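Hi,

Here is the model I said I would pass along. Have a look at it first, and then read on for my notes.

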Amino acid sequence: MPDSSAATGLHAEAHNPALLHHFAEPQQQRDAASLGMWVFLATEVMFFGGLFCAYLIYRRLYFGDFAAASKTINMGLGATNTAVLICSSLTVVLAVWAAQTARRTLLITSLIITMLLGLVFLGIKGIEYREKFVEHHVPGASFSFDKVPIPGHPGQYADPHHAQLFFSLYFVMTGLHALHMIIGLGIFLWLLIMAWKGRFTPEWHTPVEIGGLYWHFVDIIWIYLFPLLYLIDRHP
Amino acid sequence: MSEHESAKSPLKGYFAVWIALLVGTGVTVYAATLDLAPYNAAVALGIATIKATLVTLFFMHVWHASEKLTKLVVIGALFFLLLLLGLTMTDFATRGWS
């Protein structure tokens, strides 16, 4: 960090205050940071990958029940949330660009808009969850999924146990994603404070860059969650 | 991004990717309402993968990454994910009892 002891003249030679002394040049410092972030994101891929794998297995086994259950979640809200996250990804990439080019106002505005979009996402998620609680579609003692027809199979009804599996996966996957969003909001609040204090320069804005990588990753997870959970068998 | 790249503004590209992602979302929703028999899932996942690739390459700057190791980590993560999904699904798809 540029404000730490590395910059306070411990080195006798002329030293770039934005450059930690174990790096040869700013480019190498940036590459090292984003490489580290990508390794972390690789572990996140495997973390979510296990859930996607469980989802694929059960979707294959109980396709009709999953389709019936998927039809009860609100596609419009899901699609809106996808658009909200895509817009937030744009503002994140604008924030990174603003940090690279020393545009303080754009940086701060982009960070604030990103956080607002993140909050809108969580709010819409909350509305969706509320619907599920009202309809007794939350797995547990009061779960109820009686006489819900299987799409494309007239006269057949979904097995409530299999539908419960779908909703378990729905809540765990979207819940874990929402948790990532909440963590992301925390990171972006910190970025906003740092940006407000003017800590980021074109030479050193590593937190904006790797915080942005995190946000985009969470967006990518949603890009897959939306069609898998909301759009299993929607045609009339 | 290296210094010489910041000379030309990447903004146009960012907005183009943003539009493409929004269009992709619209197409996914529309395609889901069509009866494509067994291809609904393939179309949905195909569009999602295109969108994810756009985000990774351009928003996450992997396309312009100066460090090849970064690209290796991205490909490595993808490879192991496909190993997990691919081997599990081939197992489940070829079991007589399932």
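Before the details, one cut-off you will need: a residue is buried when its relative accessible area is under 20%, exposed when it is over 50%, and partly exposed in between. A:Lys125 has a relative accessible area of 2%, so it is buried. Please also keep in mind that this is a predicted model.

**Salt bridges**

That lysine is a good place to start. A:Lys125 meets A:Glu128 side chain to side chain in a salt bridge, at 3.2 Å from N to O. Both residues sit in helix H4 (residues 104-134) of chain A, three residues apart, or about one turn of the helix. And what about the acid, A:Glu128: buried or exposed? A:Glu128 has a relative accessibility of 1%, so it counts as buried too.

Over all chains, the count comes to three salt bridges. Another one pairs the side chains of A:Glu135 and A:Lys132, with 2.8 Å from N to O. Here the two ends differ in class: A:Lys132 is buried because its relative accessibility is 1%, while A:Glu135, at 35%, is partly exposed.

In chain B, B:Arg95 forms a salt bridge with B:Asp91, and their closest N and O atoms are 2.8 Å apart. B:Arg95 comes out at 28% relative accessibility, so it is partly exposed. B:Asp91 is at 32%, which means it is partly exposed as well.

**Where chains A and B meet**

The size of an interface is often given as the accessible area lost when the parts come together. For chain A and chain B that area is about 4100 Å², with 80% of it on carbon and sulfur atoms. Which elements of chain A give two or more residues to the side that touches chain B? They are helix H1 (26-61), helix H3 (75-100) and helix H6 (206-230) of chain A. H1(A) gives the most, with 19 residues. Sorted by class, that side of chain A has 32 nonpolar, eight polar and six charged residues.

In residue terms, the contact takes 46 from chain A and 48 from chain B. How many salt bridges does the rule find across this interface? The number is zero. As for polar contacts between chain A and chain B, the count is two residue pairs, with both residues at pLDDT 80 or more.

B:Thr70 gives you a concrete spot to zoom in on. B:Thr70 lies in helix H3 (residues 68-93) of chain B and touches A:Leu35, A:Trp38 and B:Ala65, leaving aside residues up to four places away in sequence. With 4% relative accessibility, B:Thr70 counts as buried.

**Chain B on its own**

Chain B has three helices and zero strands, so to speak an α-α-α run from the N terminus on. Of its 98 residues, 34% are buried. If you look at contacts in chain B between residues at least 6 apart in sequence, 49% of them join residues at least 24 apart.

One residue to pick out here is B:His61, in the loop between helix H2 (40-59) and H3 of chain B. The B:His61 side chain makes a polar contact with the side chain of B:Tyr14, at 2.9 Å. B:His61 has 15% relative accessibility, so it is buried.

**Hairpin and backbone angles in chain A**

Strand E1 (residues 149-150) and strand E2 (residues 153-157) of chain A run antiparallel and are joined by two bridges. A:Pro149 has A:Tyr157 as its bridge partner in E2(A). Two residues lie between the strands of this hairpin, where A:Gly152 takes a positive phi near 80°.

Most residues other than glycine have a negative phi, and most peptide bonds are trans. With that in mind, which value does phi take at A:Ala102? Phi there is positive, near 60°. A:Ala102 lies in the loop between H3 and H4 of chain A, and it counts as exposed because its relative accessibility is 53%.

A:His136 also has a positive phi, about 60°, although it is not a glycine. This histidine is in the loop between H4 and E1 of chain A. At 39% relative accessibility, A:His136 counts as partly exposed.

Cheers

Technical notes
Residues are numbered from 1 along each chain as its sequence is written. Chains are lettered from A and ligands numbered from 1 in the order in which they are written. This is a predicted model: local features need pLDDT of at least 70, side-chain atom pairs count only at pLDDT 80 or more; totals for chains, interfaces and linings use all residues. Side-chain values use heavy atoms; hydrogens and water are left out. Two strands pair if DSSP finds at least two bridges between them. Helices (H or I, at least four residues) and strands (E, at least two) are DSSP runs, numbered from the N terminus. Contact means heavy atoms within 4.5 Å. Buried area is the accessible area (1.4 Å probe) that two parts lose on being put together, summed over both. A salt bridge is a side-chain nitrogen of Lys or Arg within 4 Å of a carboxyl oxygen of Asp or Glu. A polar contact is a pair of N or O atoms within 3.5 Å; within protein, one must be able to donate a hydrogen and the other to accept it, and residues adjacent in sequence count only if both atoms are side-chain atoms. Ala, Val, Leu, Ile, Met, Phe, Trp, Tyr, Cys and Pro count as nonpolar, Asp, Glu, Lys and Arg as charged, and the others, Gly among them, as polar. Buried means under 20% relative accessible area, exposed over 50%, partly exposed in between (1.4 Å probe, protein chains only).
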